[in-house]
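Me: Please take me through this structure by asking what justifies each term applied to it. I should like every conclusion to rest on a stated criterion.

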Amino acid sequence: MEIKDPILEIKDVCVSYTRDVMAVKHVNAAIKKNEITAIMGPSGCGKSTLLRAINRMHELYKGIRVEGEILLSKHDILRMDAIQVRRNIGMVFQRPNPFPTMSIAENVMAGYSLNGIHVSKSRKNEIIEKNLRSVGLWDEVKDGLNKRGTFLSGGQQQRLCIARALALKPELLLMDEPTSALDPIATNRIEDLMEDLKKEVTIMIVTHNMSQAKRIAAYSMFMYLGELVEYDDTQVMFTNAKDQRTREYLIGKFG
Amino acid sequence: MHITVCLFSALTCIPLFAILGKVLYEGASELGSTFSVIVGGIVGTLLMLIMATAVAVPIGILGGVFLSENKGTKVANVISYMTDLLQGTPSIIIGIIVYIGVVIPTRGYSGVAGSVALFIMMLPLIIRSTEETMKMLPLSLKEAGLALGGSYPRVVFKVLLPSAFGGIFTGILLAVSRIIGETAPLMFTALGCSIVQWDVRRPVSAVPLLIWQFFNDPTMQNMVWSASLFLLIFVLFLNIIAKYFAQKWK
């Protein structure tokens, strides 16, 4: 499958936690702009590891090596300043993690305050309202913007975290199983939200849940034991997977 | 089994209640009249505590953050080991060291020398409590901060430390209540003083020093208990606040 004008190109990327064990093996993929791309696979297949290589999260831990090239709009992010990369690539985690000492408004603005970017008060209010609206949280929280983010429900907290990531206007949003800690209703809301968001931002989502990939992703990857086994149009993959392992995973033989 | 446990826990309470009972019984009636006598001690204790805390808190917090963020590295191991050593050093030895290091070079006992001794006693307590609190923070907080492009120091100061505030504050209060009754290190450094002394360059008094003086002076022995009661109340008060914050923070 060929992707035209990809926003992100992953070229021969390997990630190893220890010298001889590779968690991600020679992955090549191009990511379509303004679409949702899902990464599926059983536990331990390297899907989160691949995702975390894209915003250079592995650098926080000693001994993890990332090799290859990851091009974001033609620039190799592995050779850029990590802080610059992370401003451009947002991340949403498995468990909602709003900053507990910050209010809802401060959480949305956290990207700015943590980067030392000064924003005028009116601009600040604009950013807060716009981003809370785009995650559908504005009407629910507009009367309590100064309340702690941690008082919200799990689903609301996760949407707040998405708003926090979006506030910096990233080109790419990485989501690492963002709904696995949420109930079906909250999950549904976030999936609907992702559909709306893809107009503004390209989304890559790691998911354990293949029906979620089927519902929301235009393209899907299947990873197994660190390898990218198959990468295709989601419809094609679910109806006509080429690899035996993908077919077995999709019918639930393992995973 | 159950009964044995209850019995032994009751036994451990006996000394505590014996002390509290005796101090209350003997000291309560004199508390008011003693206050005017120990005012100098209260002033000295507070002055030295404030100075020691003001220096120990920033250094201790930075040390604790360093240890929790760099665990396993050589430097952290050395600092961690030295913290343990310092914490285990008998307070009288700290007093002698400060006597040699501060009192002799400055040619005199002083409140400053006393607060140096208290600072040395507080430092390992604050380093340890900060480190423990920081270790309890979920890793995802740090990751979320860095994933937004925050620089490492900004994430530490704007996300991690504020999140750990309750635990660190509790640790500071407990450290203060732990050193407030220290007597030995002050004997070699602050010395004591019979008037209310606000000048910390001169020898100052402290409540535990006064208790020692009252004990040695046959005419003042009745005030041993009331001064002790005062000190106990103060420590108890600090502990209750610390508990309250610890609970609230959780």
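**Strand pairing and its criteria**

Reply: Gly90(A) has Leu173(A) as its bridge partner in E7(A). The model is a predicted one.

Me: What makes E6(A) and strand E7 of chain A a pair?

Reply: Pairing requires at least two bridges between two strands. E6(A) and E7(A), the latter spanning residues 172–176, have 4 bridges in the parallel sense, so they pair by the criterion of at least two bridges.

Me: Which strands make up the open sheet of chain A, and in what order?

Reply: The sheet has 6 strands in the order E6-E7-E8-E3-E9-E10, and its pairing is mixed. On average, neighbouring strands in this sheet are turned by 15 degrees against each other, direction ignored.

Me: Why is one side of strand E6 and of strand E10 left without a neighbour in the sheet?

Reply: Strand E6 (89–92) and strand E10 (227–233) of chain A each have a single partner strand and stand at the edges, so one side of each lacks a neighbour in the sheet.

Me: How many bridges join E8(A) to E7(A), and how many join E8(A) to strand E3?

Reply: E7(A) and E8(A) run parallel and are joined by 5 bridges, with Met175(A) opposite Ile205(A). Strand E3 (residues 36–40) of chain A also runs parallel to E8(A), with 4 bridges, and here Ile36(A) stands opposite Ile203(A). Both counts satisfy the requirement of at least two bridges, so each is a strand pair.

Me: Why is strand E8 of chain A called mostly covered?

Reply: A residue is buried if 20 or more other C-beta atoms lie within 10 Å of its own. In E8(A), residues 202–206, 5 of 5 residues are buried, and the strand is therefore described as mostly covered. Thr202(A), Met204(A) and Val206(A) point one way, Ile203(A) and Ile205(A) the other way, and all are buried.

Me: Which elements make the right-handed β-α-β unit that includes E8(A)?

Reply: The unit consists of E7(A), helix H8 (residues 184–197) of chain A and E8(A). The term right-handed applies because, with the strands pointing away from the viewer, the path from the first strand over the helix to the second runs clockwise.

Me: What makes E4(A) and strand E5 a pair?

Reply: Strand E5 (residues 75–76) of chain A is joined to E4(A) by 2 bridges and runs antiparallel to it; the criterion is at least two, so the pairing is accepted. Leu71(A) stands opposite Asp76(A). The hairpin has 2 residues between its strands, and Ser73(A) takes a positive phi near 45 degrees. E4(A), residues 65–72, is also joined to strand E1 (residues 6–16) of chain A by 7 bridges, again antiparallel, with Val15(A) opposite Val66(A).

**Core and chain contact**

Me: Which residues touch the most other members of the largest nonpolar core?

Reply: Met122(B), Ile126(B) and Ala227(B) do, within a core of 143 residues. Helix H5 (residues 111–136) of chain B gives the most to this core, with 14 residues. Beyond its neighbours within four places in sequence, Ala227(B) is in contact with residues including Ile38(B), Leu210(B) and Phe214(B).

Me: How many residues does each chain bring to the contact between chain A and chain B?

Reply: Chain B brings 17 residues and chain A 20 residues. On the side of chain B, helix H6 (139–147) and helix H7 (152–179) each give two or more residues, and H6(B) gives the most, with 7 residues. By class, that side has 8 nonpolar, 6 polar and 3 charged residues.

Key
Residues numbered from 1 in each chain as written. Chains lettered and ligands numbered in written order. Predicted model: local features only at pLDDT ≥ 70, side-chain atom pairs only at ≥ 80, totals over all residues. Core = buried A, V, L, I, M, F, W, Y, C linked by C-beta atoms within 7 Å. Buried ≥ 20, exposed ≤ 12 C-beta atoms within 10 Å, placed from the backbone. Contact = placed C-beta atoms within 7 Å. Axes fitted to C-alpha atoms, helices over the stretch in contact; angles between N-to-C directions. Nonpolar A, V, L, I, M, F, W, Y, C, P; charged D, E, K, R; others polar.
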